[in-house]
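User: I am new to this structure and would be grateful for a close look at its interior. Please describe the enclosed spaces and the packing around them in one connected account.

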Amino acid sequence: MTRSTPSSTSKPWFHGYAPLPGCHDEFVLADGAVRPSLQPMVQSLSGLGVLEFQRRWEQMRETIRENGFAYAGYDKARPWDLDAVPLLMPSEEWRTIAAGLAQRARVLNLTLRDLFGRQSLLIDGVLPPGVLFQHPGFLRAYQSQPRENLIQLYAADLNRTAEGGWQVLNDRTESPSGLGFALENRIIISRMLPEAFQQSRVKRLAPFFIELKELLWSLAPSHRENPHVALLSQGPDSPNYFEDAYLARYLGYTLVEGGDLAVRGRRMMLKTLEGLQPVDVILRRQNSEACDPLQLNSAGNAGVAGLMQALRAGNVGIANGLGSGLVESPVLLAYMPQLCSALLGEPLLLPNVPTWWCGDPDAMEHVLRNLDSLTVRPAYRTRGLGQATQQLINQLSPDELAAEIRARPHWYIGQQRVARSTAPIWSTTPSPHLQPGYVAIRGQVVIRGDRYTVMEGGLARISATPDSLDVSLQKGEGSKDIWVLADGPVEHVSLLEHPGAAVQLRRVGAELPSRSADNIFWLGRQLVRAETLSRLLRSAASRMGGETRSTSGLEVPLLLRCLADQGQIETSYGVAEMRGPMRDIEQELPDAVFDAANPNSLRSVLAEIYRLGTTVRDRMSQDSWRIIRRLDERFQTHARSSTSLHELLAVSNELLIELAAFSGISFDSMTRTHAFRFLDLGRRLERCWQIISLLKNCLVPMPESHSPALETVLEVADSLMTYRSRYYARLQLAPVLDLLLTDESNPRALAFQFARLEELINELPRPASHAGFTRDQRIAMSLIYSARQLDVQALAETHNLGDEQPLADQFEAWEQVLPQLYEAISHRYLVHSMAAHQLSDIGPIGPAGPSSQAPLVRPGGPAERASQGAGTEPRSLDLPPEDEVAP
């Protein structure tokens, strides 16, 4: 990278940094001198200069934004806030931390095994019985699972005291988060500061992830080679979903939700398009009580019914074991020294923040006497509710809090208030400089048998205020990359290097869960819908203003009729003739496009594209994801600014370019697996609908002046150039119908879509025992046959003579058959893992769920006409009867 000029490096880039009084600072000593272990990094950064450092940092922030790495916090997703300056730790100090973390992991594992087993800790008086039996997370079902090692992944939040020692703030044993964020931080910062990274001799993170993969392989039944590992996520609404998708991609695991899995014959199976595929190991991110609605929380529907049966039978491994969150509750912190002494016979190496459980009468009196100097917290941790409970506690007056503690002492603990240490944070306000911020670190441990591997580095959490971790996280705290400095040269280690048996060659991709196939299918449909809306809006905006303003009085009403049929504007504008002032629609059209309250608006369509892209992010390339994110960001930027026809025209052009880029990457880069096929299936089905809708709204009834209507149709269908190259400037109905209905060489023609649908459906998996063609195959064949049999010349002549019914009947027939094709595909491949879609017609509706948009019922569509009992009988395509769904 280009270095800054000498003038920009004339004084140290850390000039003016001053630590906060009364706090241990990780960067400078008490006399203001830089700590000796940090000198190599300081020298490297000083040579880099402030301007060059800031330039690189802006590039890295743009990378974070484009990658879409975010934390979906308590109110909404926010971009991941990473600080530019890493936190450096000497190797000797980190070894002390690592030894303490490994010891705590052993203690908690033995504690959990005892509490789910003999409960000798209660019998011997090490733990009061109320600690366990008052715990809402203690369920009898957890005691029936294998208990050799229930905790395979352990994490702890640590803070350095003012005296310089380390203490534990929280233990995390349920399903610790932070691995993906730590990895992303390391990749970003090491790319930004490669010189400092090499000169500082930073230990690598890859050995930890190699050990993690070895652990998960070891959990497979009968220690199978190359077992199938699935990462069980809580879904797109989870705060850690971005991290889940990132880890699944990095480790090469299948990202699943509870609905993707099923238990058959006490074995865990993944629902895929190919059928049920065995799963050997689950890396769990769901809460324990949500994992099995059959034996745990029957009110939930996010888990896998029968998971406990598969665990007891030894047919699936899981990390962490169910119920492992029992020992991460703060109440255990009050007894950690006693537990360590009783279980290991040794003192606790890493003390935790002093804690008193109010269920003990003496401890309760101590807490009540010192309410002004202690922090009161819930004694038991319930994931997803802890922050809200803490907020309620903080809102109580001292008298109210004391009364609450006396009424329910078992539910509360008191903790000594924590003063976190400080470290430099890079700030650009008002000019680039370093300022102190409060820091805590999260250590991560992988447990494989008697082997405890601590990540050499990890995630540091920073904030500008000294609030507790729970409070600062709600306010939007940031993070740092932790660099653990080696004593000597660092060996290069890669996750890709794994010695062992040769891998069997394959020409197929990973198994595609039915839920992923469904989301990919709808992503394809919404992309085409966004493209069609953009073309309609561009044509309308260009004809309403400027030099290209329409003077025929025909094109704009036709385009508005198409937009009304799409639900983009009110139906009152979709009239055959422009009756009101042009300025009314010129003012209202841009507002309608950016209307977030309208589920049919272009803004809502793009929001649905972003949501669907998020759910299948692990299935798409980084470049494809960046396009989807850029689509959303640019449109939101325009939505916040003033809208006009000129701006609408610019937005439409930008969207068409981005959508074309996504299409190009998809078709040039995606391997031809089922993921590609379902993306293309969605595109082709939606394209069929859009072609029919365009022709029907512009040609039925046929306008008196044919040429403007035909030119408008060709322009929106992106076929005007092809028509002119064949027929020059002569616009006639027959060649237009041929080009857009029956020409299989035109990618925008209906026949092309039908032919492609038949090809894609024939490539989908189907039972080997099935004789003949399935229903979806027969429907696809009937569609392409109807297009090939169509006599467009005779149809055009009849239409020009004033008989519009044959063409209208043909459109009506296709409109009725296309929904049946989707239903046949969904019934065979998708319906078993997703809620049923309300198919009022073939219009682009989204998957059912709390964040999906409402079904789109187009005015005058088949469903509406059927409910009104009006219209003529549609032309039949002689479809085959329903066949049985494949098992």
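Analyst: A residue is called buried when its relative accessible area is under 20%. The model examined here is a predicted one. By that cut-off, helix H9 is mostly covered, since nine of its eleven residues are buried. The buried residues of H9 are Tyr241, Phe242, Glu243, Asp244, Ala245, Tyr246, Leu247, Ala248 and Leu251. Directly after H9 comes glycine 252, which has a positive phi, near 80 degrees.

Helix H9, spanning 241-251, also takes part in enclosing a cavity: H9 and strand S11 (281-284) each supply at least two residues to the lining of the second largest cavity. That cavity holds about 80 Å³ of space. Its lining comprises 14 residues, and the closest to its centre are Leu153, Pro176, Leu179, Leu283 and Arg285. Sorted by class, the lining of the second largest cavity consists of six nonpolar, four polar and four charged residues.

The count of cavities of 30 Å³ or more comes to seven. The largest of them has a volume of about 150 Å³. It is lined by 14 residues, of which Thr532, Gln690, Leu694, Val716 and Ala717 are the closest to its centre. Two elements give two or more residues to this lining, namely helix H16 (514-544) and helix H22 (674-699). The largest share, five residues, comes from H22. By class, the lining of the largest cavity has six nonpolar, four polar and four charged residues.

Helix H16 leads from the cavities to the packed interior. In soluble globular proteins, nonpolar side chains tend to be buried together. The largest nonpolar core in this model has 106 residues, and those with the most contacts inside it are Leu523, Leu589, Phe678 and Phe754. H16 gives the most to this core, with 13 residues.

Phenylalanine 678 offers a view of the surroundings of one such residue. Leaving aside residues up to four places away in sequence, Phe678 touches Leu273, Ala517, Ile520, Phe521, Leu764, Ile825, Tyr829 and Leu830. Apart from the largest core lies another core, of 74 residues, which includes Val168, Val316, Leu332 and Met336.

Taken together, H9 is a mostly covered helix that contributes to the lining of the second largest cavity, whereas H16 contributes both to the lining of the largest cavity and to the largest nonpolar core.

Technical notes
Residues are numbered from 1 along each chain as its sequence is written. This is a predicted model: local features need pLDDT of at least 70, side-chain atom pairs count only at pLDDT 80 or more; totals for chains, interfaces and linings use all residues. Side-chain values use heavy atoms; hydrogens and water are left out. On a 1 Å grid over the protein atoms alone, a cavity is a set of points where a 1.4 Å probe fits but cannot get out, and a pocket is an open set with protein on both sides within 12 Å along at least five of seven lines; lining residues have an atom within 4 Å of a point. Grid points are joined across faces, edges and corners, and a volume is the space filled by probe spheres set on the points. Helices (H or I, at least four residues) and strands (E, at least two) are DSSP runs, numbered from the N terminus. Ala, Val, Leu, Ile, Met, Phe, Trp, Tyr, Cys and Pro count as nonpolar, Asp, Glu, Lys and Arg as charged, and the others, Gly among them, as polar. A nonpolar core is a set of buried Ala, Val, Leu, Ile, Met, Phe, Trp, Tyr and Cys residues joined through side-chain atoms within 4.5 Å. Buried means under 20% relative accessible area, exposed over 50%, partly exposed in between (1.4 Å probe, protein chains only). Contact means heavy atoms within 4.5 Å.
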